[in-house]
Amino acid sequence: MAMVLLMVAGFVGYQAAGRSALADARAAHAAGDCPVALDRYASVQSRYELTLTSVTAVARADQRECQDLLDAEASLAPEAFDAQLDQYPNGLLVARARAGRAEAYWQRGKSYSKRAADLTDGIEAANTRRQAVTDYQVVVTDHPGTSQAAAVRSDLDNAYGSVIAKALGRPCDALTELTYLSTVSLPEAKAGAARARAARPGTLYNCALKEIGSGEYDSAIEHLDEFIADYPRDARAAQARQKRIAAEVAKVKAGATGDIAPLERTGNGPSGTAIVQVVNDSPYALEILYSGPVADRLTVPACASCQVRSSPLLSRYFAPTCGGTGVPARTVRLKPGNYQVVVRASASDGPRPYSGSWKLAGGARYDNCYYASRAF
């Protein structure tokens, strides 16, 4: 009996020692000293497996929380902290995991923002800025009052300053990025977004001018259309319309066109002004684009009674003269100077465009007539 009692007492003491060792491990765990806690949890599992109590199971579960948090902190991956909080919502290290999560999202947002500043591709830079803002939003929404949340405003101010500075020298590189940042609705971005919106018109306009200079006419036309639509009251809107015509003229001239004949002076006009009359002796509506001291377009309706003529050579000797009663004509008054000109049919199945130049003198009148002919 004495031996049995001694064995029971020993077993009870063994269980008590297991519970005490687990309590020591959990104390280190609760204090955030995971390296010590992990050693103690390992000791509990190796020494007290036979207590017939839950101490080893608890040790294994708590050990996993500590180890997973150390792994998350080592990786500084936001998703690792998300998983930690999902898996251990009532764990001993929730506060530490939340602090780590705030730091991880903030650090990644800063990394995205820095990467965007070094990118030259506007779309890629804008997408990277969007990733940064998404991470910053997590910080300020889920972790208000933290040092990381307080730092987001400064980070965003720096981002806006960086993009606006880029826009001054490289407007096309910065345009997509600036357009995105002007729409960010975070309260911490309110001042920066207002600066971006103020900088966007000039950036859009200057980008179009650079594209015209480098022969990127399609992009220039697209950006000028956007500028005219978005900022019709901007002081540069009228000039943007003229630049758009100039870009369209240059685009057509860069392709395959026929050559228009030089204008011939046919009379006099008001001093300081050139008068140009365009007659349309063809069954197609014509659009005349001109770019020079001023730029605009002139449309002359189709001639209902006119037909496509035979070859130009035969027309020269046997066809009637160009123009006449009832043939549509339009007159425009222009500033004297040199103009680049495109004449094209509005219909897609009409003749190919023609291009050339007008040299207009003040006080002169010019008449030109266009007809459509069919080559053999």
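# Notebook: looking through a predicted model

**Entry 1, A274.** I began with A274, which is buried, with a relative accessible area of 0%. I note at once that this is a predicted model, and that every value below is computed from it. A274 has its place in strand β3, which covers residues 274-281. When I looked up what A274 touches, leaving out residues up to four places away in sequence, I found V332, R333, L334, L360, A361, A364 and Y366. I also checked A274 against P336: the two are 62 residues apart in sequence, yet their C-alpha atoms are 5.7 Å apart in space.

**Entry 2, the whole chain.** I then stepped back to the protein chain, in which I found 12 helices and nine strands. Of its 376 residues, 43% count as buried. I looked up the accessible surface as well, which comes to about 19,500 Å², with 53% of that belonging to carbon and sulfur atoms. For contacts between residues at least 6 apart in sequence, I noted that 67% join residues at least 24 apart.

**Entry 3, helix α5.** I turned to helix α5, residues 94-118, whose 25 residues reach 36 Å from the first C-alpha to the last, close to the 36 Å expected at 1.5 Å a residue. Its buried residues include A97, G100, R101, A104, Y105, Y112 and A116. I kept in mind that an α-helix has 3.6 residues a turn, so residues three or four places apart point the same way. I picked out S113, which lies in α5, and which counts as buried because its relative accessibility is 12%, where the limit is under 20%. Apart from residues up to four places away in sequence, S113 touches R129, A132, Y136 and A159.

**Entry 4, helix α6.** Two of those partners, R129 and A132, are listed among the buried residues of α6, so I looked at that helix next. Helix α6 covers residues 122-142, and its 21 residues reach 30 Å from first C-alpha to last, close to the 30 Å expected at 1.5 Å a residue. What covers its buried residues includes α5, α7 (147-169) and α8 (171-181). At the start of α6, I found a side-chain oxygen of D121 reaching to within 3.2 Å of the backbone nitrogen of I123.

**Entry 5, T128.** Within helix α6 I chose T128 for a separate check. T128 counts as buried, because its relative accessibility is 5%. The side chain of T128 reaches the backbone oxygen of E124 at 2.8 Å. Not counting residues up to four places away in sequence, T128 touches Y112, R115, A116 and L119, and of these Y112 and A116 are among the buried residues of α5.

**Entry 6, aromatic pairs.** I searched for ring pairs and the count came to four. One of them joins Y205 and F227 in a tilted arrangement, with 5.4 Å from centre to centre and 45° between the planes. Y205 lies in helix α9 (residues 190-213) and F227 in helix α10 (residues 217-230), so this pair ties together parts that are 22 residues apart in sequence. I found both Y205 and F227 to be buried. Another pair is formed by Y290 and Y339, and is edge-to-face, at 6.1 Å centre to centre with 75° between the planes. Y290 belongs to strand β4 (residues 286-291) and Y339 to strand β7 (residues 337-345), so the pair ties together parts that are 49 residues apart in sequence. Both Y290 and Y339 are buried. I also noted that ring pairs link Y205, F227 and Y231 into a cluster.

**Entry 7, charges over rings.** I looked for charged groups placed over rings, and found R130 lying over the face of Y180, at 4.4 Å from the ring centre. I noted as well that the charged end of R309 sits over the ring of Y371, 4.4 Å from its centre.

**Entry 8, D259.** I closed with D259, which is in strand β1, residues 258-259. Is D259 buried or exposed? D259 counts as exposed, because its relative accessibility is 67%, where the limit is over 50%. Leaving aside its neighbours within four places in sequence, D259 is in contact with Y354 and S355. I checked P353 too: D259 and P353 are 94 residues apart in sequence, and 8.8 Å apart in space from C-alpha to C-alpha.

Key:
Residues numbered from 1 in each chain as written. Predicted model: local features only at pLDDT ≥ 70, side-chain atom pairs only at ≥ 80, totals over all residues. Heavy atoms only, no water. Helix = DSSP H or I, 4+ residues; strand = E, 2+ residues; numbered from the N terminus. Buried < 20%, exposed > 50% of the residue type's maximum accessible area, 1.4 Å probe, protein only. Contact = heavy atoms within 4.5 Å. Areas by Shrake-Rupley, 256 points an atom, 1.4 Å probe, with all protein chains shown as cover. Expected span 1.5 Å × (residues − 1). Polar contact = N/O pair within 3.5 Å; in protein donor to acceptor, adjacent residues only side chain to side chain. Phe/Tyr/Trp six-rings, centres within 6.5 Å; stacked < 30°, edge-to-face > 60°. Lys NZ or Arg CZ within 6 Å of the ring centre and 35° of its normal.
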